[in-house]
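Hi,

Here is the structure I said I would pass on. Have a look at it first, and then read my notes underneath.

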Amino acid sequence: GAGLTIRSFAALQQVHPGFDPDGVLTFRIATPPAKYPTAEQRRALLRQMDERIRAIPGVSEVGLISQLPLTGSGALSPYAYDDATARNWESETSDGRNVSPAFFRAMGTRLLAGRVFDEHDFGTQNIIVDETLAARAWPGQNAVGRQLQVQPNGSDNRFATVVGVVEHIRAHDLSRAVRPQLYRP
């Protein structure tokens with residue numbers, strides 16, 4: 001039993017989580033709806049926090065995400081990449097996350113194709129996908145510029161444009177890659 005535990009621990013130390021944890025400080029914040037009832041009020045608070053944290057000596061980058069890596073499932077985001085998956089909506093699901101433009105740089109997550117978000121992406125149907133989703137939807141092809149269905153048939157704004165592809169981040173645990181990931185600005 002002890003040998004298996006040691007071997008498992010050693011194997012987990014070799015797993016790349018999709019980010020570089022060295023020098024990264026994380027914390028959670030709450031934006032209670034009673035105090036911040038609108039999306040614009042929440043964005044204003046986050047912009048103010050970003051500016052204040054960035055001003056702290058030694059801080060090189062500040063990134064925000066709706067749910068930190070290795071903390072389990074967040075919102076499931078169904079998607080479709082062809083007629084068959086569109087007809088069988090929710091047959092393909094990803095871990096959906098909202099991220100700030102600097103999140104991937106702050107975490108040391110590699111951008112594999114395209115670009116990360118910028119301030120012009122807020123309010124758009126632009127998305128970033130991880131390498132797992134890109135390989136599943138468009139094997140052997142470049143995902144950047146492709147349309148991914150993110151709402152069921154008949155919905156308004158059901159398609160989003162892929163602007164970037166990043167490496168897969170372990171969202172659940174280090175022992176397995178559970179679901180592909182889809183990021184919104």
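**What turned up**

Let me start with Phe-104, which counts as buried because its relative accessibility is 2%, under the 20% cut-off. Please keep in mind throughout that this is a predicted model. Phe-103, the residue before it in the numbering, is buried as well, with a relative accessible area of 2%. Phe-103 and Phe-104 also belong to one aromatic cluster, together with Tyr-183.

**Aromatic pairs**

How many aromatic pairs does the structure hold? There are three. One of them joins Tyr-79 and Tyr-81: the ring centres are 6.2 Å apart and the planes meet at 35°, so this pair is tilted. As for its two partners, Tyr-79 is buried, with a relative accessible area of 0%, whereas Tyr-81 has 23% relative accessibility and so counts as partly exposed. Another pair brings us back to Phe-103 and Phe-104, whose ring centres lie 5.3 Å apart; their planes are at 70°, so these two are edge-to-face.

**Two nonpolar cores**

Next, the inside. The largest nonpolar core has 14 residues, and the members that touch the most others are Ile-127, Val-129, Leu-133, Trp-138, Leu-148 and Val-162. Which elements supply at least two residues each to this core? They are strand E4 (126-130), helix H5 (131-137) and strand E6 (159-166).

Ile-127 is a good one to click on. Apart from its neighbours within four places in sequence, Ile-127 contacts Phe-117, Leu-148 and Val-150, then the run Ala-160, Thr-161, Val-162, Val-163 and Gly-164, and finally Leu-182, Tyr-183 and Arg-184. There is also a second, separate core, made of 13 residues, and Ile-65, Met-107, Ile-128 and Val-166 are among them.

Val-163, one of those contacts of Ile-127, sits in strand E6. Is Val-163 buried or exposed? It is buried, because its relative accessible area is 10%. Setting aside its neighbours within four places in sequence, Val-163 is in contact with Ala-113, Gly-114, Arg-115 and Phe-117, with Asn-126, Ile-127 and Ile-128, and with Val-144. Val-163 and Gly-145 are 18 residues apart in sequence, and their C-alpha atoms are 6.0 Å apart in space.

**A cavity**

I also looked for enclosed space. The structure has one cavity of 30 Å³ or more, and the largest cavity holds about 40 Å³ of space. Its lining is made up of Ile-65, Gln-67, Leu-68, Pro-69, Arg-97, Ile-169, Ala-171, Gln-181 and Tyr-183. Sorted by class, that lining has six nonpolar residues, two polar ones and one charged one. Two names here may ring a bell: Ile-65 is part of the second core, and Tyr-183 is part of the aromatic cluster.

**Helix H3 and the loop after it**

Thr-85 lies in helix H3 (residues 83-87). With 7% relative accessibility, Thr-85 counts as buried. Leaving out neighbours within four places in sequence, its contacts are Ala-80, Ser-91 and Glu-92. If you measure from Thr-85 to Ala-137, C-alpha to C-alpha, you should get 10.0 Å, for two residues that are 52 apart in sequence.

Between H3 and strand E2 (93-98) there is a loop, and Glu-90 is found in it. What is unexpected about the phi of Glu-90, given that it is not a glycine? Its phi is positive, at about 80°. Glu-90 has 54% relative accessibility, so it counts as exposed.

**One more positive phi**

Asn-157 belongs to the loop between strand E5 (147-149) and E6. Asn-157 is not a glycine either, yet its phi is positive, at about 50°. Asn-157 counts as exposed because its relative accessibility is 58%, which is over the 50% cut-off.

That's my tour. Shout if anything is unclear.

Cheers

Note on methods: Residues are numbered from 1 along each chain as its sequence is written. This is a predicted model: local features need pLDDT of at least 70, side-chain atom pairs count only at pLDDT 80 or more; totals for chains, interfaces and linings use all residues. Side-chain values use heavy atoms; hydrogens and water are left out. Rings of Phe, Tyr and Trp (its six-membered ring) pair if their centres lie within 6.5 Å; planes under 30 degrees apart count as stacked, over 60 as edge-to-face and the rest as tilted. Buried means under 20% relative accessible area, exposed over 50%, partly exposed in between (1.4 Å probe, protein chains only). A nonpolar core is a set of buried Ala, Val, Leu, Ile, Met, Phe, Trp, Tyr and Cys residues joined through side-chain atoms within 4.5 Å. Helices (H or I, at least four residues) and strands (E, at least two) are DSSP runs, numbered from the N terminus. Contact means heavy atoms within 4.5 Å. On a 1 Å grid over the protein atoms alone, a cavity is a set of points where a 1.4 Å probe fits but cannot get out, and a pocket is an open set with protein on both sides within 12 Å along at least five of seven lines; lining residues have an atom within 4 Å of a point. Grid points are joined across faces, edges and corners, and a volume is the space filled by probe spheres set on the points. Ala, Val, Leu, Ile, Met, Phe, Trp, Tyr, Cys and Pro count as nonpolar, Asp, Glu, Lys and Arg as charged, and the others, Gly among them, as polar.
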